[in-house]
Amino acid sequence: MTFNRQTTVAQMRTGERGRIIEITGGYGLTRRVEAMGIRPGKKITKVSSMLMRGPATIQVDGVQVAIGFGMARRILVELESE
Amino acid sequence: MKILLMGNPNVGKSVFFSRLTGIRVIASNYPGTTVKFTKGYLKLGGELTEVIDVPGTYTLEPTSKAEEVATEMLKDGDLVIDVVDATNLERNLFLTMQLLERDIPVIVALNVWDDTKHRGIYIDVKKLEQVLGVPVVPTVAVTGEGMKELVSRIHEAASPDVSYRTRDERWAGVGRIIEQVQTVTHRHHTWLERLGDASVKPFPGIPIAVLAILVSFMVIRFIGEGLIGYIFEPLFNNLWAPVMMRLSEFLGSGGFLHDILVGKLINGEVDFFQSFGILTTGLYIPFGAVLPYVLAFYLVLGFLEDLGYLPRVAVLLDTLMHRLGMHGYAIIPTLLGLGCNVPGILATRILESKRERFIVATLISIAVPCAALQAMVIGLVGREGWQYVAIVYGTLFVVWIILGLILNLMVKGFSPELLVEIPPYRLPPLRMVALKLWARILGFLREAIPIVMLGIFVVTILYALNVFDYIANFAAPVVSGFFGLPQEATAALVVGFLRKDMAIGMLSVLNLTANQLVIGSVVLAMFFPCIASFVVLARELGFKGMLAATGIMIVASLVVGSLLNLIL
């Protein structure tokens with residue numbers, strides 16, 4: 001059994017990859033984010049993050065989406081084992 | 001019959017719409033280009049059919065204003081052309097499923113089809129058609145590929161029996177379809193993708209942004225000055241001026257008709273900035289002074305839009321913009337405002353909260369000078385030296401920042417976080433850039449020429465009737481006392497309500513010092529919006545919002561004008 005570290009999108013480092021486990025925001029946030037294709041089970045790559053709690057850019061299914069820091073903290077990710 | 005064009009944001013619906021109806025609408029490579037719906041007509045079997053370009057939406061469960069609009073419009077439609085981004089099938093099919101669940105015939109256009117090959121995506125179209133139960137046609141709206149087939153199959157549109165109880169069920173359904181129809185092979189990154197990734201990282205993204213802004217300014221100045229120096233000025237001075245002199249002689253070098261058409265002769269010659277006749281200054285301001293810069297500005301903006309750069313700027317600026325009560329995406333309406341405030345204020349619809357829209361629209365109408373005003377500032381203030389032009393721009397930028405900080409503290413409500421798709425870079429076909437530029441230039445000319453000409457007519461008459469003297473006496477304490485401008489400048493401030501470029505032209509007649517020109521330009525830029533932006537401001541913010549914005553505007557321009565007068 002491989003143990004994969006769990007973290008949030010906000011804490012992922014640029015270039016790191018993983019799988020989305022859960023989106024812990026309210027109903028509205030979950031719905032908006034999911035409609036853009038960001039859903040549990042999806043593979044995710046962090047493309048960039050801005051300094052000072054700025055937005056993160058993530059890639060899911062070949063599509064890049066920029067999300068605010070607050071949302072990034074609510075997306076739980078299981079990191080891909082090296 | 002009413003056909004609705006629906007789909008996710010930024011899948012090319014607007015280009016599609018132009019192809020179907022022949023109506024040129026502004027299309028760009030970022031989500032949210034279409035904020036108000038556009039109507040057009042398509043000949044279908046000898047019958048004119050209404051086609052509506054619906055703003056993009058990810059889901060029919062309304063999560064934002066634009067999606068509410070889309071859902072609302074679905075009720076009046078008779079048929080949906082669902083435009084799907086073939087390079088991102090899974091997410092797009094989620095909306096397709098929701099459309100199929102409704103009781104309305106659907107036909108699917110697999111757009112951006114040309115991109116699937118070099119992205120290593122293979123889609124079995126026949127199979128997809130089978131599984132969905134509606135016609136599926138691969139298309140490339142930008143080149144027109146597949147459009148004929150799509151139109152010829154519109155009558156096959158169907159409304160199959162699909163129903164999912166929950167979102168999870170629907171996603172599962174989409175997943176099963178994807179497994180059956182799509183295979184994705186691994187492939188290497190292209191240089192455009194590498195550049196795309198690099199330009200949303202703080203490094204090298206921020207240096208790239210600074211470079212992009214500098215290059216944009218240089219290109220705009222180079223093209224603008226080049227057009228004026230080599231084309232428009234020679235045309236006006238060598239060809240049009242002699243015609244005007246002939247006309248002037250013919251009209252007896254004076255009199256009412258002469259003053260209206262040719263204006264006043266300066267040292268016995270026509271002066272296109274100062275004569276103020278309908279056929280001299282009235283033509284020179286829109287064509288000779290403003291058009292070259294409007295053309296240069298929209299050429300550069302259009303390229304950046306179609307490339308897909310603007311959302312990346314939004315990401316880079318997000319942290320700063322939050323301090324000013326906006327999120328990064330507000331930079332897009334703001335940049336559009338640099339061309340003309342009207343489309344800028346309209347574009348605030350891409351923002352989610354009312355508070356944010358109020359802040360952005362107010363800041364645009366106060367601190368973002370439109371291209372027409374900028375062209376005149378560059379033309380007239382630039383004569384005194386570039387440092388003065390820099391003071392005008394610098395002041396407006398500082399006002400934008402400070403006013404944003406203040407509004408962020410004062411305006412109630414919350415500004416949501418950034419959540420936006422970053423499109424891949426696409427090298428825009430020259431034809432598309434040219435078509436868009438042409439649409440915007442026509443829009444500018446249609447707007448500017450009648451108002452400038454009418455304005456000059458009205459101004460001449462008001463001068464003849466001494467109305468301005470009356471207003472000037474009334475406004476003298478403010479204009480002279482606060483701003484340090486001569487009383488006569490009042491007329492220009494009043495005319496600024498019609499068109500700002502014309503108002504700056506009126507300042508040039510007054511023999512102002514360089515500092516006075518700077519103050520006059522800044523006050524004109526900030527004080528009261530021109531009539532066109534006034535109307536959209538009222539429409540977009542509501543009457544109360546517009547009154548509030550106008551109040552802020554008046555106070556801000558009084559304060560800034562007086563401060564400049566003290567400092568300079």
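**Notes on a sheet shared by chains A and B, and on helix packing in chain B**

1. Let me begin with a pair of helices in chain B: α11(B) and α21(B) are roughly perpendicular to each other, because their angle of about 110° falls in the range of 65 to 115 that counts as such. This is a predicted model, so please read every value here as computed from the prediction. Helix α11(B) covers residues 281-307 and helix α21(B) covers residues 500-508, and their axes lie 11 Å apart.

2. Which residues bring α11(B) and α21(B) together? From α11(B) come Thr281(B), Ile285(B) and Val290(B), and they meet Asp501(B), Met502(B) and Gly505(B) of α21(B). Sorted by class, this contact holds three nonpolar, two polar and one charged residues.

3. A second helix pair in chain B is worth a look. The axes of α15(B) (residues 354-367) and α23(B) (residues 531-567) come within 9 Å and cross at roughly 65°. The crossing of α15(B) past α23(B) is right-handed. On the α15(B) side, the contact is made by Phe358(B), Ala361(B), Thr362(B), Ser365(B) and Ile366(B). The residues from α23(B) include Leu537(B), Leu541(B), Gly545(B), Ala549(B) and Ile552(B). By class, the contact of α15(B) with α23(B) divides into nine nonpolar, four polar and one charged.

4. Now to the sheet, which I would suggest viewing with both chains displayed. Seven strands form an open sheet in the order β1(A)-β6(A)-β2(A)-β3(A)-β4(A)-β5(A)-β9(B), and the pairing is antiparallel. At the edges stand β1 (6-8) of chain A and β9 of chain B; each has a single partner strand, so one side of each is left without a neighbour in the sheet. From one strand to the next, the twist averages 40°.

5. Within chain A, strand β3 (residues 43-49) is mostly covered, with five of its seven residues buried. Strand β2(A) (residues 17-23) runs antiparallel to β3(A), and three bridges join them. Across that pairing, Gly18(A) stands opposite Ile44(A). Four bridges join β3(A) to β4(A), again in an antiparallel arrangement, and Lys46(A) has Ile58(A) of β4(A) as its bridge partner. The β3(A)-β4(A) hairpin has six residues between its strands, and Met52(A) in the turn has a positive phi of about 50°.

6. The next hairpin joins β4(A) and β5(A), with two residues between the strands. Asp61(A), in this turn, has a positive phi of about 55°. Strand β4(A) (residues 56-60) and β5(A) run antiparallel and are joined by five bridges; Gln59(A) stands opposite Gln64(A).

7. Is β5(A) mostly covered or mostly uncovered? This strand (residues 63-67) is mostly covered, as five of its five residues are buried. Val63(A), Val65(A) and Ile67(A) point one way from the strand, while Gln64(A) and Ala66(A) point the other way. Gln64(A) is thus worth a second glance: this residue is buried and has Gln59(A) opposite it in β4(A).

8. Where does the sheet pass from chain A to chain B? Strand β5(A) is joined by four bridges to β9(B) (residues 419-422), and the two run antiparallel. Two facing pairs help to find the place: Ile67(A) stands opposite Leu419(B), and Val65(A) stands opposite Glu421(B). Both chain A residues of these pairs are buried.

9. Finally, the contact between the chains takes 25 residues from chain B and 27 residues from chain A. On the chain B side, α3 (89-101), α7 (167-181), α12 (310-323) and β9 each supply at least two residues. Strand β9(B) gives the most to this side, with four residues. The chain B residues that touch chain A divide into 10 nonpolar, six polar and nine charged.

How values were computed
Residues numbered from 1 in each chain as written. Chains lettered and ligands numbered in written order. Predicted model: local features only at pLDDT ≥ 70, side-chain atom pairs only at ≥ 80, totals over all residues. Buried ≥ 20, exposed ≤ 12 C-beta atoms within 10 Å, placed from the backbone. Pairing = 2+ DSSP bridges. Contact = placed C-beta atoms within 7 Å. Nonpolar A, V, L, I, M, F, W, Y, C, P; charged D, E, K, R; others polar. Axes fitted to C-alpha atoms, helices over the stretch in contact; angles between N-to-C directions. Left-handed = near helix turned anticlockwise from the far one by under 90°. Parallel < 35°, antiparallel > 145°, perpendicular 65-115°, else oblique.
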